[in-house]
Amino acid sequence: MTTKSIPLTNELHAYLVAHGSPPDEIIRDLAEETRAVLPEHATMQVAPEQAAFLTFLTRLLDVRQAVEVGTFTGLSSLAIARGLPEGGRLTCFDISEEFTGIARRYWARAGVQDLIDLCIGPAADGLRELPHERHLDFAFIDADKTGYPIYWAELVPRMRPGGVIAVDNVLRGGRVIAPQDAGDRAIAAFNDEVLADVRVDPVMLPIADGLTLARVR
């Protein structure tokens, strides 16, 4: 038997979060408001340990130009923006004024609003309008699952060598091995596409609902 990641009980998950850059008051309030105001959509929010990891990764990579596809109420974008240096920029794509209205308030509260450009509209169209040269240091994809291949196709050629693309929900609650709906099937196919893409070096991590990191060659 190969060694594998241990399953997390609620108690062990709480311990993990508490011992790895635990959420501050702003993040806790954002998570609580999202659950209270949008209970049917709250699972779209990244996990607290994921938010801490995004900030850590952004700092580690010295990210200056970043893109997020799928912003929701802003936890992941807040986390990325907190890792940016002075002069760094994060461009966010989302289709919801309602969801991102919450995000804007928390960006302002965290003092990162001037680092973020929010584009409301189809992400595929917005990505196509970005410069074509390889200028992006980091990208985070966490939007409609059937759109992942499109976002990937637009982002990879725009990433600098050594840049990283992070992709959320690549395990779909474990259903990628037995897809049950269109989203599951799309992610299963997308995972195979990433694995076969010779332009990147990918690793899939069991963080939250599965997170793929792909370093662009």
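What follows is a conversation between a visitor and a guide about a predicted model of a protein.

Visitor: What makes this protein as compact as a globular protein of its length?

Guide: Let's begin with its make-up, which is eight helices and seven strands. The radius of gyration is 17 Å, and the globule rule gives 17 Å for 217 residues, so the protein is as compact as a globular protein of that length. Along the principal axes, the C-alpha atoms fill a box of roughly 45 × 40 × 30 Å.

Visitor: How much of the protein is buried, and how much of its contact count comes from residues far along the chain?

Guide: Buried residues make up 50% of the 217. As for contacts with a separation of 6 or more, 70% of them join residues 24 or more positions apart. The accessible surface comes to about 10,800 Å², and carbon and sulfur atoms hold 57% of that area.

Visitor: Why is Ser-77 called buried?

Guide: Ser-77 has 0% relative accessibility, and buried means under 20%, so Ser-77 counts as buried. Ser-77 belongs to helix α4. Beyond its neighbours within four places in sequence, Ser-77 is in contact with Glu-68, Thr-71, Leu-90, Cys-92, Trp-107 and Ile-116.

Visitor: And why is Val-156 called buried, when its place is in a loop?

Guide: The loop in question runs between α7 (148–155) and β5 (159–168). The class depends on accessible area, with the cut-off for buried at under 20%. Val-156 has 3% relative accessibility, so it counts as buried. Setting aside residues up to four places away in sequence, Val-156 touches Ile-165, Arg-199, Val-200 and Val-216. Leu-136 is 20 residues from Val-156 in sequence, and their C-alpha atoms are 9.1 Å apart.

Visitor: What makes Val-17 buried, with a relative accessible area of 12%?

Guide: Here too the limit is 20%; Val-17 is at 12%, so it is buried. This residue lies in helix α1. Leaving out neighbours within four places in sequence, the contacts of Val-17 are Pro-22, Pro-23, Pro-48 and Glu-49. Val-17 and His-132 are 115 residues apart in sequence, with 38 Å between their C-alpha atoms.

Visitor: How do you know whether Ser-21 is buried or exposed?

Guide: Exposed means over 50% relative accessible area. Ser-21 has 56%, so it is exposed. You will find Ser-21 in the loop between α1 and α2 (25–37). Its backbone deserves a glance as well: phi is positive, about 50°, although Ser-21 is not a glycine.

Visitor: Why is Asp-62 called partly exposed?

Guide: Partly exposed covers the range between the 20% and 50% limits. With a relative accessible area of 41%, Asp-62 is therefore partly exposed. Asp-62 is found in the loop between α3 and β1 (65–69). Phi of Asp-62 is near 50°, a positive value in a residue other than glycine.

Visitor: What makes up the largest pocket?

Guide: The space in the largest pocket is about 1,000 Å³. There are 45 residues lining the largest pocket, and those closest to its centre are Thr-43, Gln-50, Asp-168, Asn-169 and Asp-209. Two or more lining residues come from each of α1 (10–18), α3 (48–60), α4 (75–82) and β2 (89–94).

Visitor: Which classes of residue does that lining hold?

Guide: The lining has 21 nonpolar, 17 polar and seven charged residues.

Definitions and conventions:
Residues numbered from 1 in each chain as written. Predicted model: local features only at pLDDT ≥ 70, side-chain atom pairs only at ≥ 80, totals over all residues. Heavy atoms only, no water. 1 Å grid on protein atoms, 1.4 Å probe; cavity = no way out; pocket = protein on both sides within 12 Å on 5 of 7 lines; lining within 4 Å. Points joined across faces, edges and corners; volume = space filled by probe spheres on them. Helix = DSSP H or I, 4+ residues; strand = E, 2+ residues; numbered from the N terminus. Nonpolar A, V, L, I, M, F, W, Y, C, P; charged D, E, K, R; others polar. Rg over C-alpha atoms; globule rule 2.2 N^0.38 Å. Buried < 20%, exposed > 50% of the residue type's maximum accessible area, 1.4 Å probe, protein only. Contact = heavy atoms within 4.5 Å. Areas by Shrake-Rupley, 256 points an atom, 1.4 Å probe, with all protein chains shown as cover.
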